[in-house]
Amino acid sequence: MPLLSSLTRLRQAFSPLTLAGVLCALVLAVPVGVVAGSVFIGGTGETWAHLAATVLPEFITNTLIMVLGVGLGVTLLGVACAWLTAMTEFPGRRFFEWALVLPMAMPAYVLAYVYTDFLQFVGPLQSWLRELFGWTRADYWFPEVRSVGGACAMFSLVLYPYVYMLARSAFLERAGSLTEAGRAAGLDPWACFWRISLPLARPAIIAGVSLALMETLADFGTVSYFAVQTFTTGIFRAWFSLGDRLAAAQLAAALLGCVALILLLEKASRGRARHSAGPRARPGRRAVLRGWTALGAMAACTGPLLAGFGLPAGLLLRMAFKDGDSQLGSRYLELVNNSVLLAGVTAICAVLLAVLLGYAARLARSRIPAALNRLVGLGYALPGSVIAVGVLIPVTRFDQWLAALIQQVSGHNPGLLLTGGIAALVYAYLVRYLTVALGTVESGLARITPSMDEAARSLGAGRGSTLARVHWPLLRGSLLTAGLLVFVDVMKELPATLVMRPFNFDTLATQAYTLASDERLSEAATASLAIVLVGLLPVILLSRRIGRAR
């Protein structure tokens, strides 16, 4: 009997679903392995030596500045807004608690294009100041937006919602009743914030900052447009300008090390601390703000919302309707078709793979599928440029081997079958964004009690039938959310698309980047506005959920 029980557990651990999940996880982990393994390969020649002697110190310096600047910016904006909307009462609080998430719909590179047009010397703001005060160029100083500091500001404005959402949830779930007890003990609201709310919310704040920093390191459009030299721009230079794939891979490995360091620091900051929210507790009584303090709270919440979404959206509409893209006709429809095709195919594949991996982990009696799902989840922490490098190297080699095999068999050389199409690009998107769909599907599966599985099997339903007739109908909402999130992320993705897109194949993101790089900012507004409008869909859904969490 013990032997039979062991064999049964082994068969369940390595069922066809589990094996399929293992295979998918290994395929999706290949790009990370390629980039990490490039560190141990020599022979970069003069390219790597040239990069190390000239621009590598600048890459490191700019990266450190952006990590510190963006980390400080998102912490100040996110924590302040989260605490005000969660722990205090002031006019407009219910509007701000959901509206403060809207800047997530604005990609950082779109914000960079908008503010460059608005703040440059010939832009509306400086022109208005010169006309109002009669100034000339030599009469005043104006900060340069296209700089490291400007990049930090752009990232802070669009990424602070990560900290805001996590910190607000922590304030509501963990600090509400304790803060009320602190007030009963004679502490004023500021003392409650520093001594109770902030320490309890620290793990959530650090997690939000880590997400924002990983997005910062992953960016290419903003830093490239602002001419800020980072590892991402260095990867593009090594690959396209210098033609050295190995040097690009090693730069990607260095960037991968930065991401891994952020993840390790985030884990180390938590130590052995564990926070269990348990059932959602009733929030404590909010401190009522009046007079100047209420006006200050309104201003503190209005500033990030206006600068991160309201003003850029208005400027985009103005530029789009005033000048717009001269290729708005058939060319623009082609761009929309390409973007929707890539995003739609990736979203469908991501949802199907997420269901496979999540259901395999649910059925298995071992920890192997769950561990592999966590491995797949690492892709979201990798910049698109790193994934592009990790995908192109093995896919190109496989393509060459496949072409040689076909030529040997048929005598005809078919050329590159995968690299020149959208298959490799969709693969890169899946490596990057599958974890978004997987997390949503796993959350939906967790709400389905195991007793429903047992009831279905007692009625004679197999695993596949249980998935199709029981789980699938109950997961429709989660699957729709997962597909929508992946769809929008792919629509906004720029670095991987720039590196891996087929020849003469453009999307809305690449069109906006190309026009902005040519200083045709007004024409870039049309494509940028389309990206923002698509990004609003999941953000509005998320905002509604936050609005219901009073």
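**A predicted model, from one salt bridge to the core**

R501 has a relative accessible area of 27%, which makes the residue partly exposed; buried means under 20% relative accessible area, exposed over 50%, and partly exposed in between, for a 1.4 Å probe and protein chains only. The model is predicted, so local features need pLDDT of at least 70 and side-chain atom pairs count only at pLDDT 80 or more, while totals for chains, interfaces and linings use all residues. Residues are numbered from 1 along each chain as its sequence is written, and side-chain values use heavy atoms, with hydrogens and water left out.

R501 is one half of a salt bridge; its partner is D506, and the closest N and O atoms of the pair are 2.2 Å apart. A salt bridge here is a side-chain nitrogen of Lys or Arg within 4 Å of a carboxyl oxygen of Asp or Glu. D506 has a relative accessibility of 13% and therefore counts as buried, whereas R501, at 27%, is partly exposed. By this rule the protein has 4 salt bridges.

The protein as a whole comes next. The chain has 550 residues, and 52% of them count as buried. Its secondary structure consists of 24 helices and 2 strands; these are DSSP runs numbered from the N terminus, helices being H or I over at least four residues and strands E over at least two. Among the contacts with a separation of 6 or more, 83% are between residues 24 or more positions apart, where contact means heavy atoms within 4.5 Å.

What lies inside? In soluble globular proteins, nonpolar side chains tend to be buried together. The largest nonpolar core of this protein has 153 residues, of which M106, F171, L316 and M500 touch the most other members. Helix α8 (residues 148-174) supplies the largest share of this core, with 17 residues. Such a core is a set of buried Ala, Val, Leu, Ile, Met, Phe, Trp, Tyr and Cys residues joined through side-chain atoms within 4.5 Å. M500 shows how distant parts of the sequence meet in the core: leaving aside neighbours within four places in sequence, M500 is in contact with A388, V391, L392, A424, L425 and A428.

Charged residues are buried as well. Which residues does the network of salt bridges link? Its members are E89, R93, E97 and R168. Within this network, R93 pairs with E89, the closest N and O atoms being 3.1 Å apart. R93 also pairs with E97, at 2.9 Å from N to O. R93 and E97 are 4 residues apart in helix α5 (residues 93-99), so about one helical turn separates them. Both R93 and E97 are buried; the relative accessibility of R93 is 3%. E89, in contrast, has a relative accessibility of 30% and counts as partly exposed.

T85 ties into this network from helix α4 (residues 56-87). Is T85 buried or exposed? With a relative accessible area of 0%, T85 is buried. A polar contact of 3.5 Å joins its side chain to that of R168; a polar contact is a pair of N or O atoms within 3.5 Å, and within protein one must be able to donate a hydrogen and the other to accept it, while residues adjacent in sequence count only if both atoms are side-chain atoms. The side chain of T85 also reaches the backbone oxygen of A82, at 3.3 Å. Beyond four places in sequence, the contacts of T85 include R93, E97 and R168 from the network, together with F90, F96, L100, Y164, R286 and C301.

T88 sits a little further along the chain, in strand β1 (residues 88-89). Its relative accessible area is 1%, and T88 is therefore buried. A polar atom of the T88 side chain lies 2.4 Å from the backbone oxygen of L84. Leaving aside neighbours within four places in sequence, T88 is in contact with W83, R93, R286, A287 and L289. R93 and R286 thus appear among the contacts of T85 and among those of T88.

One backbone feature remains. Most residues other than glycine have a negative phi, and most peptide bonds are trans. A227 has a positive phi, near 60°, although A227 is not glycine. This residue is in the loop between α11 (221-225) and α12 (231-241). Its relative accessibility is 58%, so A227 counts as exposed.
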